[in-house]
Amino acid sequence: MKRSLLSEIKTDCRYFKGSSPCIANKEYGANCTGCNMYDRVEENILIIKLGAAGDVIRTTPLLYALKKQYPYSRIHWLTDYPRFVPLSTTPCADEVYGFNLRDLTYLKTLDFDLVINLDKDREAIALAKDLKSTKKSGFLMKDGNCFPADSNAVHKFLTGVDDNFSKTNTKSYMQEVFEICGYEYAGERYLIDLPGRTEIELPVDPDRKVIGLNTGAGERWKSRLWKDDHWVELANSLCDAGFEVILLGGDSEHERNSELEKKTPAKYFGTFGIGDFINVVNFCDLVVTQVTMCMHLALALRKRVVLMNNIFNRNEFDLFGSGEIVEPLRECKCYFGATCRNDEYSCMDHITPDLVFSTCMNQLEVPVINN
């Protein structure tokens with residue numbers, strides 16, 4: 001009897017766990033013999049996209065194309081930011097793993113039909129080289145360094161090793177990622193799992209539009225920071241125009257935001273865990289930000305965005321018709337530079353509060369009244 005039952009078990013079913021009862025057995029008492037929930041996995045696919053957090057979010061549109069081509073696949077995703085891999089959207093990934101010994105030990109035992117490595121870091125390309133897979137896309141290793149797996153990855157590879165080539169790029173990040181996998185990008189939007197119920201209730205006027213000011217730019221990218229005086233002027237102008245203004249950021253922005261709250265009518269509610277932070281961003285109608293995780297969250301939540309960009313190629317970003325990019329009125333000379341190398345002026349000083357304010361008004365379809 002035991003041997004007969006064992007022979008009926010379908011280990012290739014999407015719901016089979018092997019270590020505990022599957023949902024059909026647990027909820028309905030069914031077993032593999034004649035189970036109407038049997039869903040055979042035909043392909044195992046692995047996406048390697050470790051970081052950064054924003055890049056993980058803006059890689060999620062790839063799931064549309066993969067699930068369309070491989071509707072019966074199981075999609076595994078390896079990342080440093082598992083919170084941003086969607087597991088309950090349509091489409092979604094099926095499994096998410098962290099870059100740790102336990103998960104890597106397991107992944108190295110699997111036979112994949114397709115491994116897509118979208119990272120160029122040594123640990124990613126080394127892992128991609130070692131994994132067992134019928135096909136590999138993206139970036140692998142040559143002479144100990146990153147190298148494109150095939151012709152589809154050449155364009156994205158060159159933008160990363162040649163600034164002159166990168167400056168001429170006219171493709172968005174999503175276009176490049178789709179191209180790496182042999183697909184054509186058609187404006188597919190970000191996917192994100194929304195947090196569950198939250199106890200957060202922000203004391204904002206529900207009859208007013210809420211504008212979030214994300215005042216940081218990441219600890220690495222000092223060249224992108226906007227000076228506090230500009231934030232003060234913008235916050236005052238927006239509050240005077242009748243908007244609710246809230247200050248956004250993490251631990252690195254806490255001191256700045258605390259000081260800005262003292263100098264303006266803007267409201268600051270402190271720092272949050274990522275789930276609660278997503279909910280706070282979700283309160284906003286519009287977010288003013290640099291290129292950060294917050295920008296990608298706002299786009300995933302379908303908020304309007306005013307993006308301040310100076311050191312990156314603006315073609316890299318798709319705002320999905322929900323925002324506008326503002327750039328310095330004087331040339332930025334620090335392309336992809338983490339710190340400003342221009343001794344003559346800081347280009348971020350030439351993204352003026354008036355310019356950002358008028359762009360916010362345009363995005364919210366509020367006419368600018370010239371006094």
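Select helices H10 and H14 in this predicted model: the two cross in the right-handed sense. Their axes lie 9 Å apart and make an angle of about 35 degrees. To see the contact, show side chains on both helices. H10 contributes His-230, Glu-233, Leu-234, Ser-237 and Leu-238, while H14 contributes Pro-353, Asp-354, Val-356, Phe-357, Cys-360 and Met-361. Coloured by residue class, the contact residues divide into seven nonpolar, two polar and two charged.

Next, bring in the sheet. Six strands make up an open sheet with parallel pairing, in the order E9-E8-E7-E10-E11-E12. Strand E9 (267-268) and strand E12 (323-326) are at the edges with a single partner strand each, so one side of each has no neighbour in the sheet.

Select E7 (residues 210-214) together with E10 (residues 286-289). These two strands pair in the parallel sense over three bridges. Label Gly-212 to find Val-287 of E10 opposite.

Now show the helices against these strands. H10 (residues 228-240) lies across E7, strand E8 (244-248), E10 and strand E11 (304-308), and runs at about 175 degrees to E7. H14 (residues 353-363) also packs on the sheet, where it touches E10, E11 and E12. The direction of H14 makes about 165 degrees with that of E12.

Move to helix H13 (residues 293-300). Seven of the eight residues in H13 are buried, leaving the helix mostly covered. The buried ones to select are Cys-294, Met-295, His-296, Leu-297, Ala-298, Leu-299 and Ala-300. Around them, show helix H3 (53-57), E7, E8, helix H12 (274-282), E10 and E11, against which the buried residues of H13 pack. Just past the end of H13, stop at Arg-302, whose phi is positive, about 65 degrees.

From Leu-299, step across to Phe-320, since the two are in contact. Phe-320 sits in the loop between E11 and E12 and counts as buried, at 15% relative accessibility. Its other contacts, leaving aside neighbours within four places in sequence, are Met-174, Tyr-185, Gly-187, Glu-188, Arg-189 and Tyr-190. For a long view across the model, draw a C-alpha to C-alpha distance from Phe-320 to Cys-32: the two are 45 Å apart in space and 288 residues apart in sequence.

Go next to strand E5 (residues 132-142), and within it select Ser-137. Ser-137 is buried, with a relative accessible area of 4%. Beyond its neighbours within four places in sequence, the contacts of Ser-137 are Leu-114, Val-115, Ile-116, Asn-117, Ala-149, Asp-150 and Ile-180.

Finish with the cysteines. How many disulfides does a search of the whole structure find? The search finds zero. Select Cys-13 and Cys-22: the sulfur of Cys-22 is the closest cysteine sulfur to that of Cys-13, yet at 6.6 Å it is too far for a bond. Cys-13 counts as buried, with 9% relative accessibility. Then select Cys-347 and Cys-332. The sulfur of Cys-332 is the nearest cysteine sulfur to Cys-347, 3.6 Å away, and Cys-347 is in no disulfide. A disulfide here requires sulfur atoms within 2.5 Å. Cys-347 also counts as buried, at 6% relative accessibility.

Note on methods. Residues numbered from 1 in each chain as written. Predicted model: local features only at pLDDT ≥ 70, side-chain atom pairs only at ≥ 80, totals over all residues. Heavy atoms only, no water. Pairing = 2+ DSSP bridges. Helix = DSSP H or I, 4+ residues; strand = E, 2+ residues; numbered from the N terminus. Contact = heavy atoms within 4.5 Å. Axes fitted to C-alpha atoms, helices over the stretch in contact; angles between N-to-C directions. Left-handed = near helix turned anticlockwise from the far one by under 90°. Nonpolar A, V, L, I, M, F, W, Y, C, P; charged D, E, K, R; others polar. Buried < 20%, exposed > 50% of the residue type's maximum accessible area, 1.4 Å probe, protein only.
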